[in-house]
Amino acid sequence: MDQIRKTFDKWAQNGRAELMEIEHGKNVSKFLESIPFDKPFTFLDVGCGNGWVVKKISKNDNCKKAIGIDKSKKMIEQASKKTNKIKEEFIHTDIESWKYSGKFDFVFSMESLYYADSIEIALQKIYKLLKPGGQLFCGTDFYTDNKATARWAGIMKIQMHLH
């Protein structure tokens, strides 16, 4: 098992998943408010953690399907509890190796793409998963100019791509 999966499995078990939801909630809400959910849509959350974004989005009347994927099996187990099985689906996988033939109107990723083995391959895969005119919404605090977060990889002792 890779170190990223191991780390997030631990986080799922020790309450860190809920803490991430609280920490990222304000920024995620800003993102979601900027997305035009005014017609029927499909939604993918890459690095969904405990699934809170997927669950929030699936409550929108125009949401046809919301899928969350995550490398952490324990996060997916948490996300799969109390789920709306008609609109929501949670899958234990990473974006690079996920085999999915459908397309999405919106792909969302918050603080997760830098854990991909290859950001380039992850972005290529996301592009292929978008419908024509589809949109990717991606948020990150982990970048070289953000001195407060540039140390994260060393502190967490896992692979993270700093750009």
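Biologist: Is Phe-106 buried or exposed?
Modeller: In this predicted model, Phe-106 has a relative accessibility of 7%. Buried means under 20% relative accessible area, exposed over 50% and partly exposed in between (1.4 Å probe, protein chains only). Because 7% falls under the 20% limit, Phe-106 counts as buried.

Biologist: Let me note the ground rules. Residues are numbered from 1 along each chain as its sequence is written, and side-chain values use heavy atoms, leaving out hydrogens and water. As the model is predicted, local features need pLDDT of at least 70 and side-chain atom pairs count only at pLDDT 80 or more, while totals for chains, interfaces and linings use all residues. Now, how many aromatic pairs are there?
Modeller: Rings of Phe, Tyr and Trp (its six-membered ring) pair if their centres lie within 6.5 Å; planes under 30 degrees apart count as stacked, over 60 as edge-to-face and the rest as tilted. By this rule, the number of aromatic pairs is 11.

Biologist: What kind of pair do Trp-98 and Tyr-100 form?
Modeller: Their ring centres are 4.6 Å apart, with 20° between the planes. Trp-98 is buried at 5% relative accessibility, whereas Tyr-100 is partly exposed at 33%. Because 20° is under 30 degrees, the pair is stacked.

Biologist: And which kind do Phe-106 and Phe-137 form?
Modeller: Here the centres are 6.3 Å apart and the planes make an angle of 50°. Since 50° is neither under 30 degrees nor over 60, this pair is tilted.

Biologist: How many residues apart in sequence are the parts that this pair ties together?
Modeller: Strands (E, at least two residues) are DSSP runs, numbered from the N terminus. Phe-106 lies in strand S4 (residues 104–110) and Phe-137 in strand S5 (residues 130–139). Phe-137 is buried too, at 12% relative accessibility. The pair therefore ties together parts whose separation in residues is 31.

Biologist: Which strands stand at the edges of the sheet?
Modeller: Two strands pair if DSSP finds at least two bridges between them. The open sheet has 5 strands with parallel pairing, in the order S3-S2-S1-S4-S5. One side of each edge strand is left without a neighbour in the sheet, because each has a single partner. The edge strands are S3 and S5.

Biologist: What is the bridge partner of Phe-41 in S2?
Modeller: Strands S1 (residues 41–46) and S2 (residues 63–70) run parallel, joined by 6 bridges. Phe-41 also belongs to an aromatic cluster whose members include Phe-106 and Phe-137. In S2, its bridge partner is Cys-63.

Definitions and conventions
Helix = DSSP H or I, 4+ residues; strand = E, 2+ residues; numbered from the N terminus.
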